[in-house]
Amino acid sequence: MKQLKIRGFIRNINIIFLIFVSLPAIATEPLLFATHARAPLSLYLTEVIQAALGPYSITVNVIEMPGSRVISQVNSGHVDGDLSRVINFKDISDADTSNYRLVNEPIVLTEIVMITLAQKEITRPITWETINQGKVSFLRGSKTIRKYLNIENRVAVSSNKQVLEMVANKRVNSAIMFASVAKKMLNQSPELSRKLIIQSPAVLSFHLFTYLNKKHADLVPKLELSLKQLKDDGFLENTANKYQVTAASAATLSAVSLLPEINADRPLL
């Protein structure tokens, strides 16, 4: 009788275990990412981060907000991650970024270009000295662009359309803008496209990286691995082509690394 009770107890335990493992996994809450990038770059970043976290059954929500607000929300932990920052962002930021953790796998190559009137003659090669020969319009809040412009030449406006209209209406000498945004704006506006031209080559190129709040530090190496796999299997390049941006690749990757300074509490992998 005692043996039967023991067998019955073991059988019940086995049944409970089988029921437990057969239940669907409880879905975790989506991670909330923020970015100050605008479409089409923001659309590319969203699709890539969703694909990168998919293998870990993590869903993603992405919101756009001003750059300074992104920093405060991510650093405080109200938002889980920042989709698009330069690798030395923590070194150049005036805001508190102590809770930012770098995902050391570049997600996109972004280019800053000069836009002028179509018939305008400019000094070549294009340098910041070239650009600083007159007034320059740019999107308000862009610290990366602002720091290269002389104070007397800066004309900050509130929208990308205004940035280009300032040039078209001859109120400034040129405009500085991310290449992907400039291409989209000119494609959508035949009138501006007739008047303006994107000068090449780009005046500045750099990779953008994803950052997570420190509470997700254990996810950093997983996300790095996943992004590398997406790069290797061509997903990044194919998605970049769809949104007319430039994916990070071995050909575009810079040799510069500031990781020891950025994540001092995390071993360099």
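**Aromatic pairs, the sheet and local backbone features**

Tyr148 is partly exposed, with a relative accessible area of 30%. That value falls between the limits of 20% for buried and 50% for exposed, which means that Tyr148 counts as neither. I begin with this residue, colleagues, and shall return to its partner shortly. Please keep in mind that what we are looking at is a predicted model.

Let me turn to the aromatic rings. How many aromatic pairs does the structure hold? There are four. One of them is formed by Phe89 and Tyr100, a tilted pair with 5.2 Å from centre to centre and 55° between the planes. This pair links distant parts of the chain: Phe89 belongs to helix 4, residues 89-92, and Tyr100 to strand 4, with the two positions 11 residues apart in sequence. Phe89 and Tyr100 are both buried. Another pair is that of Trp128 and Tyr148, which is stacked, at 4.7 Å centre to centre and 10° between the planes. Trp128 sits in helix 5, residues 128-131, while Tyr148 is in the loop between helix 6 (143-146) and strand 6 (154-157), so the pair ties together parts that are 20 residues apart in sequence. Is Trp128 buried or exposed? Trp128 has a relative accessible area of 13% and is therefore buried, whereas its partner Tyr148 is partly exposed. To close this topic, ring pairs also link Phe89, Tyr100 and Tyr211 into a cluster.

I come now to the sheet. Eight strands make up an open sheet with mixed pairing, and their order is 2-1-3-8-4-7-5-6. Which strands are at the edges? They are strand 2 and strand 6, each of which pairs on one side only. Averaged over the sheet, neighbouring strands are turned by 25° against each other, direction ignored.

Strand 1, residues 31-35, deserves a closer look. Four of its five residues are buried, and the strand is thus described as mostly covered. On one side, strand 1 pairs with strand 2, residues 60-64, in the parallel sense over five bridges. Within that pairing, Phe33 stands opposite Val62. Strand 1 is also parallel to strand 3, residues 81-85, to which two bridges join it. What is the bridge partner of Phe33 in strand 3? The partner is Gly81, and Ala34 has Asp82 as its bridge partner in strand 3. Together with helix 2, residues 41-53, strand 1 and strand 2 build a right-handed β-α-β unit.

Several helices accompany the strands. Helix 3, residues 67-76, lies across strand 1, strand 3, strand 4 and strand 8, and runs at about 140° to strand 3. Helix 10, residues 220-232, lies across strand 4 and strand 8, running at about 50° to strand 4. In helix 8, residues 179-188, the buried residues are Ala179, Ser180, Val181, Ala182, Met185 and Leu186. What do the buried residues of helix 8 pack against? Their neighbours are helix 2, strand 4 (100-117), helix 7 (160-168), strand 7 (174-178), helix 9 (190-195) and strand 8 (196-213). Helix 2 has thus been named twice: in the β-α-β unit, and among the elements that helix 8 packs against.

I shall finish with the backbone. The peptide bond from Arg124 to Pro125 is cis, its omega being near 0°. Where does Pro125 lie? Pro125 is in the loop between strand 4 and helix 5. A cis peptide bond also joins Ser200 and Pro201, with omega at about 5°. Pro201 is found within strand 8.

Next are positive phi values in residues other than glycine. Ser57 has phi near 55° and is placed in the loop between helix 2 and strand 2. Its relative accessible area is 61%, so Ser57 is exposed. For Gln244, phi is near 60°. Gln244 is in the loop between helix 11 (235-243) and helix 12 (259-262). With a relative accessible area of 47%, Gln244 is partly exposed. The limit for exposed is over 50%, which is why Gln244 does not count as exposed while Ser57 does.

Thank you for your attention.

Notes: Residues are numbered from 1 along each chain as its sequence is written. This is a predicted model: local features need pLDDT of at least 70, side-chain atom pairs count only at pLDDT 80 or more; totals for chains, interfaces and linings use all residues. Side-chain values use heavy atoms; hydrogens and water are left out. Buried means under 20% relative accessible area, exposed over 50%, partly exposed in between (1.4 Å probe, protein chains only). Two strands pair if DSSP finds at least two bridges between them. A crossover is right-handed if, with the strands pointing away from the viewer, the path from the first strand over the helix to the second runs clockwise. Contact means heavy atoms within 4.5 Å. Rings of Phe, Tyr and Trp (its six-membered ring) pair if their centres lie within 6.5 Å; planes under 30 degrees apart count as stacked, over 60 as edge-to-face and the rest as tilted. Axes are lines fitted to C-alpha atoms, for helices over the stretch in contact, and angles run from 0 to 180 degrees between N-to-C directions.
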